[in-house]
Amino acid sequence: MSDVTDVRLPGDQSEGSTHEVGHWLKGVGDPVRKDEPLLEVITDKVTVEVAAPADGVLAEILKQPGEPIEKGEVLGRIRAGAPTQAKVATPAARVAAPPDRPASRPPELSPAVRRLIQEQGLDPAQITGTGVGGRVTVQDVEAYLSRTSHGPTVRPPDHPDSSRLVPHSAMRRSIAEHMIRSVQAAPHVTAVFEADLTRVESHRKAQSRERPTYTAYFV
């Protein structure tokens with residue numbers, strides 16, 4: 001099987017202690033190029049992209065979204081021998097496509113932005129990007145939601161589909177575990193100090209320009 005290359009989670013991926021498949025950016029049968037983003041891996045700290053290790057066609061997906069994975073584990077397989085036309089035409093089509101075509105936008109989105117857009121059911125072509133090179137940022141998506149009354153996913157409270165269950169990602173599970181541990185195990189201490197700020201208040205009011213904050217006096 002020399003014409004097949006395994007797609008593995010890089011062993012030097014040290015961000016986080018747990019890993020799971022987030023989203024495949026390619027489907028079985030799709031042509032891929034070496035070093036092209038192939039899938040997203042979610043850890044308890046960040047979301048990272050795993051690049052294709054070789055040119056070819058994605059022949060097999062062994063790990064589905066949400067499944068836990070270990071470093072070095074095989075996630076899928078790439079078969080060599082993709083049609084030459086597919087290899088050459090794909091990048092050419094991307095260069096020739098107008099910048100406002102929806103098909104050209106997904107590769108420009110970061111994992112966080114892409115996930116937010118999918119969760120909100122938005123069309124990225126309708127969002128104006130203010131990032132480098134016109135990239136859409138998380139702030140751009142939030143601003144768009146604010147202008148459109150929080151987007152199409154917001155429904156009246158009495159709507160039967162006004163709420164839904166969303167599985168926790170590895171990062172959110174880790175955050176929840178740490179929050180519970182901080183409440184149940186970590187010691188909690190409250191310290192209260194009283195101070196007479198009469199002179200401080202008088203001095204502060206006497207400053208007609210660039211009146212300092214109380215923090216300056218505390219320091």
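## A guided tour from histidine 23

Begin by selecting histidine 23, which lies in strand S2, residues 19–24. The model on display is a predicted one, and every stop below refers to that prediction. With a relative accessible area of 29%, histidine 23 is partly exposed, because that value falls between the 20% limit for buried residues and the 50% limit for exposed ones. Now display the surroundings of this side chain. Beyond its neighbours within four places in sequence, histidine 23 makes contact with Leu39, Glu40 and Gln118. Add proline 65 to the selection: its C-alpha lies 5.6 Å from that of histidine 23, although 42 residues separate the two in sequence.

**The sheet that contains S2**

Next, select strands S5, S4, S2 and S7. In that order they form an open sheet of four strands with antiparallel pairing. S5 and S7 (68–69) occupy the edges; each has a single partner strand, so one side of each lacks a neighbour in the sheet. Helix H2 packs on this sheet, where it touches S2, S4 and S5, and the direction of H2 makes about 110° with that of S5.

Move through the strand pairs one at a time. S2 and S4 are antiparallel and are paired over five bridges. Within this pair, select valine 21, which stands opposite valine 41 in S4. On to S2 and S7: these strands also run antiparallel, joined by two bridges. Here the residue to pick is glutamate 20, whose bridge partner in S7 is proline 68.

Then turn to S4 and S5. Five bridges join these antiparallel strands, and a hairpin connects S4 to S5 through three residues. Select glutamate 40, already met as a contact of histidine 23; its bridge partner in S5 is glutamate 49.

Which residues of S5 point to one face and are buried, and which point to the other and are not? Show the side chains along S5 to see the alternation: Val48 and Val50 are the buried residues on one face, whereas Thr47, Glu49 and Ala51 are directed to the other face and are not buried.

**Helix H2**

Select residues 111–120, which make up helix H2. Its buried residues are Pro111, Val113, Arg114, Leu116, Ile117 and Gln120. To see what covers them, add strand S4 (37–43), strand S5 (47–51) and helix H3 (138–147), which are among the covering elements. Gln118, the contact of histidine 23 named at the outset, falls within the range of residues that you have just selected for H2. Step past the end of the helix to glycine 121, just after H2, where phi is positive at about 65°.

**The second sheet**

Hide the helix and select S1, S8, S6 and S3. This is an open sheet of four strands, in the order S1-S8-S6-S3, and the pairing is antiparallel. Strands S1 (4–8) and S3 (31–32) stand at its edges; each has a single partner strand, so one side of each is left without a neighbour in the sheet.

At the S3 edge, bring up S6, residues 56–61: S3 and S6 pair in the antiparallel sense over two bridges. Select valine 32 and then its bridge partner in S6, glycine 56.

**The loop between S3 and S4**

From S3, follow the chain towards S4 and stop at aspartate 35, in the loop between these two strands. Is aspartate 35 buried or exposed? Its relative accessibility is 58%, so aspartate 35 counts as exposed. Its backbone also deserves a look: phi is near 75°, a positive value in a residue other than glycine. Most residues other than glycine have a negative phi.

**Arginine 204 and tyrosine 214**

Move to arginine 204 and tyrosine 214. The charged end of arginine 204 sits over the ring of tyrosine 214, at 4.5 Å from the ring centre. A search for aromatic pairs returns nothing, for the structure holds zero of them.

**The whole chain**

Finally, zoom out and colour by secondary structure. The protein chain has six helices and eight strands, in the order β-β-β-β-β-β-β-β-α-α-α-α-α-α from the N terminus. Of its 219 residues, 26% count as buried. The accessible surface comes to about 15000 Å², and carbon and sulfur atoms account for 54% of that area. Among contacts with a separation of 6 or more, 56% are made by residues 24 or more positions apart.

Notes
Residues numbered from 1 in each chain as written. Predicted model: local features only at pLDDT ≥ 70, side-chain atom pairs only at ≥ 80, totals over all residues. Heavy atoms only, no water. Phe/Tyr/Trp six-rings, centres within 6.5 Å; stacked < 30°, edge-to-face > 60°. Lys NZ or Arg CZ within 6 Å of the ring centre and 35° of its normal. Buried < 20%, exposed > 50% of the residue type's maximum accessible area, 1.4 Å probe, protein only. Contact = heavy atoms within 4.5 Å. Areas by Shrake-Rupley, 256 points an atom, 1.4 Å probe, with all protein chains shown as cover. Pairing = 2+ DSSP bridges. Axes fitted to C-alpha atoms, helices over the stretch in contact; angles between N-to-C directions.
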